[in-house]
Amino acid sequence: MTPTIFDKLQPSDIRSDPFPHAVLQDALPSDFCAALIANRPDSRPSKRPATRTVMPAWMLRGLDFVDPVWRDFARAHSDASIARRVRDLFGPFWPDHLPALPEDDAAYGLHGKHGHDTHPVLCDARLETISPNPDETASHRRQHLDNGNRLFSALFYLRAPQDDSEDGGLTLFRFRRTPEQLDVFEFDDRDVEAVVTVPYAANTLVVFPNRPDAIHGAQPRRPTRHDRAYVFVTAEVEKPLF
């Protein structure tokens with residue numbers, strides 16, 4: 001059976017400040033994580049600095065050039081059981097505004113391959129690559145909220161051994177003041193304050209339920225010629241929940 005990044009997580013790993021989240025180092029067996037890094041598919045990163053490129057689970061699972069270790073990983077992490085595992089992990093910290101998750105696996109589909117008309121919950125485990133920023137400190141996206149139809153967000157870092165860049169972790173924020181609107185690309189620095197930063201380190205997981213105060217952003221990286229890679233695991237419903 002393919003191990004998952006959630007296998008070792010326990011309720012005791014949950015922290016409530018600035019919002020409920022869990023961080024886990026050494027989430028996967030070290031040899032399995034090393035195999036993912038060594039056999040990472042070429043996602044053809046953008047030539048523009050600090051720009052995101054995405055390879056979704058349906059591609060990772062189905063393309064012939066993708067290494068079997070990645071096919072198995074994507075299949076395991078886009079399975080219906082993952083969304084329920086995250087829900088059960090957070091227990092009382094699972095937000096009330098999120099809908100009850102179906103117990104029938106047939107209700108779950110793949111983001112980008114299926115539609116909400118046939119599958120109420122669409123799952124994804126996508127490889128995201130942020131292109132290098134060789135000339136100046138940069139972040140592909142600073143403090144923001146995720147789409148309102150998302151149930152949870154999980155990032156699993158795949159930092160390469162030769163990556164000597166500085167910073168680039170995930171910073172969690174709280175509001176200083178109530179913003180005029182929530183659906184913005186980035187919040188103004190005056191609206192938020194940084195609380196904790198999860199370092200960009202290989203085999204590290206950070207996961208949190210989606211809620212209207214779950215502000216997070218990519219910590220700006222100092223100039224580097226290395227890309228930034230992680231797997232983003234999530235599940236989404238059709239309509240925004242906040």
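**Figure 1. Who lines the largest pocket?** Sorted by class, the walls of the largest pocket in this predicted model come out as 6 nonpolar, 6 polar and 8 charged residues. The pocket holds about 390 Å³, and of its 20 lining residues, Arg52, Glu128, Arg141, His144 and Asp146 sit closest to the centre. Four strands each put in at least two lining residues: β5 (121-130), β6 (150-157), β10 (215-218) and β11 (228-236). The top contributor is β11, which supplies 4 residues.

**Figure 2. The second largest pocket, with Met1 among the residues closest to its centre.** This one has a volume of about 210 Å³. It has 13 lining residues, and Met1, Thr2, Thr4, Ala76 and Ser81 are the ones closest to the middle. Helices show up here: α3 and α4 are the elements that give two or more residues to the lining. The class tally for this pocket is 5 nonpolar, 3 polar and 5 charged residues.

**Figure 3. A closed-off space inside the protein.** How many cavities of 30 Å³ or more does a search of the whole structure find? The search turns up just 1, with a volume of about 50 Å³. Around it you'll find Ile130, Ala138, Ser139, His140, Gly168, Ala218, Gln219, Arg221 and Arg228. By class, that lining splits into 3 nonpolar, 4 polar and 2 charged residues.

**Figure 4. Arg174 and Asp17, a salt bridge across the sequence.** The closest N and O atoms of this pair are 2.5 Å apart. Arg174 belongs to strand β7 (residues 170-175), while Asp17 is in the loop between β1 (14-15) and β2 (21-25), so the salt bridge ties together parts that are 157 residues apart in sequence. How exposed are the two partners? Arg174 is partly exposed, at 29% relative accessible area. Asp17 also counts as partly exposed, because its 42% relative accessibility falls between the 20% and 50% limits. The pair is one entry in a count of 21 salt bridges.

**Figure 5. Asp72 and Arg75, a salt bridge within one helix.** Zoom in on helix α3 (residues 68-77) and both partners are there, 3 residues apart, or about one turn of the helix. Their side chains meet with an N to O distance of 3.3 Å. Asp72 is partly exposed at 34% relative accessibility, and Arg75 is partly exposed too, at 37%.

**Figure 6. Glu103 and Arg84, part of a salt-bridge network.** The N to O distance between these side chains is 3.8 Å. This pair links distant parts of the chain, with Glu103 in the loop between α4 (80-90) and β4 (108-110) and Arg84 in helix α4, 19 residues apart. Which partner is buried and which is exposed? Glu103 is exposed, with 54% relative accessibility, whereas Arg84 is buried, with a relative accessible area of 13%. The assignments follow because exposed means over 50% and buried means under 20%. Widen the view and the pair joins a network of salt bridges that links Arg84, Arg87, Asp88, Glu103 and Asp105.

How values were computed:
Residues numbered from 1 in each chain as written. Predicted model: local features only at pLDDT ≥ 70, side-chain atom pairs only at ≥ 80, totals over all residues. Heavy atoms only, no water. Salt bridge = Lys/Arg side-chain N within 4 Å of Asp/Glu carboxyl O. Buried < 20%, exposed > 50% of the residue type's maximum accessible area, 1.4 Å probe, protein only. 1 Å grid on protein atoms, 1.4 Å probe; cavity = no way out; pocket = protein on both sides within 12 Å on 5 of 7 lines; lining within 4 Å. Points joined across faces, edges and corners; volume = space filled by probe spheres on them. Nonpolar A, V, L, I, M, F, W, Y, C, P; charged D, E, K, R; others polar.
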